[in-house]
Protein chains: 2
Amino acid sequence: MKILILNEAQQSSSHEHIERRCAATPATVLKLVRKGIAVYLESNAGLLSHYTDSDFEEAGANVVATSNDIAGEVDVLACVNSPSEQVVSTLKANTLVIGHIDPFFQQPLVSKLAASNLTTLSVEMIPRSSRAQKMDALSSQASLAGYVMVMKAANYLPSILPMMMTPSGTIKPAKVFVIGAGVAGLQAIATAKRLGANVLAYDTRPVVAEQVESLGGKFLKVDIGETGQTKDGYAKELTDDQKRVLADAQKDAITTSDIVITTAQLFGRKPPVLINKETLSLMKPGSVVVDMAALSGGNVEGSEPGKISVINQVTVIGSGNWSEEVSRAATDMYANNVFNLLDEFTKNDPLRFDVSFDDEILASSVITHDGKITNETLINAYKGA
Amino acid sequence: MKILILNEAQQSSSHEHIERRCAATPATVLKLVRKGIAVYLESNAGLLSHYTDSDFEEAGANVVATSNDIAGEVDVLACVNSPSEQVVSTLKANTLVIGHIDPFFQQPLVSKLAASNLTTLSVEMIPRSSRAQKMDALSSQASLAGYVMVMKAANYLPSILPMMMTPSGTIKPAKVFVIGAGVAGLQAIATAKRLGANVLAYDTRPVVAEQVESLGGKFLKVDIGETGQTKDGYAKELTDDQKRVLADAQKDAITTSDIVITTAQLFGRKPPVLINKETLSLMKPGSVVVDMAALSGGNVEGSEPGKISVINQVTVIGSGNWSEEVSRAATDMYANNVFNLLDEFTKNDPLRFDVSFDDEILASSVITHDGKITNETLINAYKGA
């Protein structure tokens, strides 16, 4: 069994976004090699997450000058993002492709992966079950994103987060309001609490109130009637009436906060707008808003992915390529997810990835196989589009 | 009694450094006005620390278009930095000038202040006594600087500071080494500990080991024989032999750390070089070094004030105009220091600042009065230069 790791900074060099992560680390290479798997690594694949080719070689990887040298011979292509069409065209049939495929928004690529007879495992489609946790890349990455977003907000705030009591006077702790207490939101709450801020949080799923409180945050209680979560663990979309009641209740929390972090995502859909320009104009001068949903459409009116804008004296940070801020940690986590996937499904035969649609993790995350798109949700979404 | 507050962003607009702080806040203006003091504020003086002219007017300040309108009539000129020669030339005799005068390096300005018959209070010369604490601007600002430096370092580190234990693997806490445990160093230690890092610290004054440990840091023990501190609370300069023993002992701590923060300052002198390029080259790729002494000469070879350089894959942050990162908090603290100074020395007559050289705080911090330079240390330093 042969596995190829791409240098994705190179792959992405034509775009604005330069991928700094890598799908393997020297530690995961060592574990793969010990299982008898041959690992090929495109030169400098780890450079931007601070792992050198010689670190990988010491762990047993074969470093190749370019992916073209070996792509046609491998059984697994492990990516962070989706491979380029050029790379896809060089792979042999039945190769397993692993990555953040972004399948709801990449129909042409998914069709090509299917047509090329490749088996595609989209890590975003891994279910949120306890068995799948160790492979759940969305969670591992979102957790780091939650940390990064608070650190970025703190760096733009013209004050400090902790209370400071000195003979020269007392600075009160900053007020931080986190909207959406999923994995990223919970890590944002934990990070803001570490830094000594007063933290308030809201989520449409009342079930998470306890988690917020166990991290030391307060939970904003709003009665908007029936809400709930999908089987994927995402919040259900609200009705227009519910949205209005909620917006009113949140306005007060937003306008009295120093930092607001919005993390409201809907599975495979555009996220809701939570803060409009009118609410922004009511915030204190110098306040900071982080829109973690900026890449997929935005929770904050006027936010732009990867950009920092000042709107009515409020700094609005549109989350973009956040993982570049913690590329080594993000690589460490993601490489573990990839290793755990390979490890889990080579249990029967250490040198064959066992694509079984009876397995709930693979049934959900394998989106192309044997020439077809295999995921029902995706097929329905494509029909609707 | 009339006091004038400058718009220092405007004053400094010809330099690279734009001063975002202000010597007053609406809260301190209110307290001054209640004492019967008339406060004049140059328009937009608080803008960059997020206080508007109308905030100040509500507190009772008179906003003037430019300092020229009133400078010749005031009794006190309160600055963050030193006033420009142009402003100095408009003041009447016996006006009290308060600010960070940087007197050891500003002999021509100090001479002009003396020749103009002004009373100059240099906040850097306020002694470190318990009575002076509430006026001690160097301490109040250094404390914020310690926080800022850790936050900046954290933002450049390609990993996170806290330990993160997840089903996708464990990220170990970052190792932070703080050299110099004065006010800034102690706040850096506290901030890094808040964020969950492993913190090691060193100071030539063994007396601070207990303070380091009470913040949760470890103290690096090195036997370099006799050391001590000056009466101003600064570390004494070491002999060449002591420096060599120390450098060897620190090398190991530096090269195994993810973040190193150097805060070694000597009073009125160039700071020592603690990290040379050879040591930098032994650090892990992606590590971060913050040189808090960069402005006065630097603890790190190759650091530049206000610049971020990558030297041998190590990010070196040269501290420059750090207060711009927390302009509101820095303004709040400094404005309190200025108010406390005025409050302390108008106790006998609420409308007259009592310049008494029998007072230990004024004897040390008032550097010009009655046409003369009045500080002995300064006079000797000028003679030596």
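The following exercises, each with a worked solution, concern a predicted model of a complex containing chains A and B.

**Exercise 1. Confidence**

Task: State what confidence the predictor assigns to chain A and to the complex.

Solution. Begin with the single chain: the mean pLDDT of chain A is 93. Next, consider how that confidence is spread; 96% of the residues of chain A reach 70 or more. Finally, turn to the complex, for which the predictor gives an ipTM of 0.92 and a pTM of 0.92. A general caution applies to the remainder: where pLDDT is low, the predicted coordinates should not be read in detail.

**Exercise 2. Relation between the two chains**

Task: Determine which rotation and shift superpose chain A on chain B, and identify the residue of chain A that comes closest to the rotation axis.

Solution. Chain A is superposed on chain B by a rotation of 180°, with 0.0 Å of shift along the axis and an RMSD of 0.0 Å. The two copies are therefore related as by a two-fold rotation axis. Both copies use the same surface, since 100% of the contact residues of chain A recur in chain B. To locate the axis, examine the C-alpha atoms of chain A: that of A:R194 comes closest, at 2.8 Å.

**Exercise 3. The faces of helix α5 of chain B**

Task: For helix α5 of chain B, residues 107–115, establish which residues are buried and which exposed residues lie on the face turned away from them.

Solution. First, list the buried residues of the helix: B:L109, B:V110, B:L113 and B:A114. Second, view α5(B) down its axis; the buried residues fall within an arc of 140°, and so they line one face of the helix. Third, inspect the face turned away from this buried side, where the exposed residues B:P108 and B:A115 are found. Fourth, ask what covers the buried residues: the covering elements of chain B include α4 (85–90), β5 (96–99), β6 (119–122), β16 (366–369), β17 (372–373) and α13 (376–384). Lastly, follow the chain just beyond α5(B), where B:N117 takes a positive phi of about 65°.

**Exercise 4. Cavities**

Task: Give the number of cavities of 30 Å³ or more and describe the lining of the largest cavity.

Solution. The count comes to 2 cavities of 30 Å³ or more. The largest cavity has a volume of about 40 Å³. Its lining consists of A:Y147, A:V148, A:M151, A:K152, A:E325, A:V326, B:A154 and B:N155. Assigning these to elements, α6 (137–156) of chain A and α6 (137–156) of chain B each give two or more residues to the lining. The largest share, 4 residues, comes from α6(A).

**Exercise 5. Three residues of chain A**

Task: Place A:F353, A:T25 and A:S309 in chain A, and decide whether each is buried or exposed.

Solution.

- A:F353 lies in the loop between α11 (327–344) and α12 (360–365). Its relative accessibility is 11%, so A:F353 counts as buried. Beyond four places in sequence, its contacts include A:M1, A:L96, A:L121 and A:L342. A:F353 and A:L342 are 11 residues apart along the chain, with their C-alpha atoms separated by 6.9 Å.
- A:T25 is in the loop between α1 (8–11) and α2 (26–34). With a relative accessible area of 4%, A:T25 is buried. Leaving out residues up to four places away, A:T25 touches A:Y51, A:F56, A:T331, A:D332 and A:A335.
- A:S309 belongs to strand β14, residues 308–311. A relative accessibility of 16% is under the 20% limit, and therefore A:S309 counts as buried. On the same sequence restriction, A:S309 touches A:G302, A:V314, A:T315 and A:V316.

Terms used. Residues are numbered from 1 along each chain as its sequence is written. Chains are lettered from A and ligands numbered from 1 in the order in which they are written. This is a predicted model: local features need pLDDT of at least 70, side-chain atom pairs count only at pLDDT 80 or more; totals for chains, interfaces and linings use all residues. Side-chain values use heavy atoms; hydrogens and water are left out. Buried means under 20% relative accessible area, exposed over 50%, partly exposed in between (1.4 Å probe, protein chains only). The arc is that of the directions from the helix axis to the C-beta atoms. Contact means heavy atoms within 4.5 Å. Copies are superposed by least squares on the C-alpha atoms of residues with pLDDT of at least 70 in both. pLDDT is the predictor's confidence in each residue, from 0 to 100. On a 1 Å grid over the protein atoms alone, a cavity is a set of points where a 1.4 Å probe fits but cannot get out, and a pocket is an open set with protein on both sides within 12 Å along at least five of seven lines; lining residues have an atom within 4 Å of a point. Grid points are joined across faces, edges and corners, and a volume is the space filled by probe spheres set on the points.
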